[in-house]
Amino acid sequence: MRIRISRHAKRRMKERKILYNEIEEAIQNPEEVTPSIKGRLNYCKTLGDKHIKVTCKENPGEMVVITVLEKKS
């Protein structure tokens, strides 16, 4: 499935130093998936010392990344 990054998520990636491959890994191999608002899903993954949460909306043929953040342990 194609992953599309929203403009908002691109800004958050830059601010929070989260890479595209980290987002891809969280979506494809999450440790936890939880429901979010408006039918969205949160994909959580620990990558080294980074704990990231990726909020996505699934559209036909693509996964749209709404925002990303680094969770504090």
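This is a short talk on the fold, the core and the salt bridges of one chain.

Okay, thanks everyone. Before anything else, please keep in mind that this is a predicted model.

Let me start with the sheet. We have five strands in an open sheet, and the order across it is 1-5-4-3-2, with mixed pairing. Strand 1 and strand 2, residues 32-35, sit at the edges, so to speak: each of them pairs on one side only. If you ignore direction, neighbouring strands are turned against each other by 35 degrees on average. Strands 4 and 5 run antiparallel, and eight bridges join them. One pairing to look at there is Val 54, whose bridge partner in strand 5 is Val 68.

Now the helices. Helix 1 lies across strand 1 and strand 5, and it runs at about 35 degrees to strand 5. Helix 2 lies across strands 1, 3, 4 and 5, running at about 70 degrees to strand 4.

What about the core? The largest nonpolar core has 15 residues, and those touching the most other members are Ile 5, Ile 23, Ile 27, Val 54, Cys 56, Val 65 and Val 68. Strand 1, helix 1, helix 2, strand 4 and strand 5 each supply at least two residues of this core. Let's stay with Val 54 for a moment. Leaving out neighbours within four places in sequence, its contacts include Ile 23, Ala 26 and Ile 27, and also Leu 41, Tyr 43, Val 65 and Val 68.

Right next in sequence is a residue I'd like you to click on, Thr 55, also in strand 4. Is Thr 55 buried or exposed? Its relative accessible area is 7%, so it is buried. Its side chain makes a polar contact of 2.7 Å with the side chain of Asn 42. Beyond four places in sequence, Thr 55 also touches Ser 36, Arg 40 and Leu 41, among others, and on the strand 5 stretch the list includes Val 64, Val 65, Ile 66 and Thr 67.

On to the charges. Searching the whole structure turns up five salt bridges. Take Arg 2 and Glu 62, whose side chains meet at 2.5 Å, N to O. That pair links distant parts of the chain, with Arg 2 in strand 1 and Glu 62 in strand 5, 60 residues apart. Arg 2 is partly exposed at 48% relative accessibility, whereas Glu 62 is buried at 13%.

Next, Glu 22 and Lys 50 form a salt bridge at 3.1 Å. Here Glu 22 comes from helix 2 and Lys 50 from strand 4, 28 residues apart. Both Glu 22 and Lys 50 are buried.

Then there's Glu 25 with Lys 45, at 3.5 Å. Glu 25 is in helix 2 and Lys 45 in strand 3, so this pair ties together parts that are 20 residues apart in sequence. Glu 25 counts as partly exposed, at 29% relative accessibility, while Lys 45 counts as buried, at 14%. And there's a network too: salt bridges with shared partners join Arg 2, Arg 4 and Glu 62.

Last stop, Lys 14, in helix 1. Lys 14 has a relative accessible area of 72%, so it is exposed. The C-alpha atoms of Lys 14 and Val 65 are separated by 14 Å, with their positions 51 residues apart along the chain.

That's my tour. Happy to take questions.

Conventions: Residues are numbered from 1 along each chain as its sequence is written. This is a predicted model: local features need pLDDT of at least 70, side-chain atom pairs count only at pLDDT 80 or more; totals for chains, interfaces and linings use all residues. Side-chain values use heavy atoms; hydrogens and water are left out. Helices (H or I, at least four residues) and strands (E, at least two) are DSSP runs, numbered from the N terminus. Buried means under 20% relative accessible area, exposed over 50%, partly exposed in between (1.4 Å probe, protein chains only). A salt bridge is a side-chain nitrogen of Lys or Arg within 4 Å of a carboxyl oxygen of Asp or Glu. A polar contact is a pair of N or O atoms within 3.5 Å; within protein, one must be able to donate a hydrogen and the other to accept it, and residues adjacent in sequence count only if both atoms are side-chain atoms. Contact means heavy atoms within 4.5 Å. A nonpolar core is a set of buried Ala, Val, Leu, Ile, Met, Phe, Trp, Tyr and Cys residues joined through side-chain atoms within 4.5 Å. Two strands pair if DSSP finds at least two bridges between them. Axes are lines fitted to C-alpha atoms, for helices over the stretch in contact, and angles run from 0 to 180 degrees between N-to-C directions.
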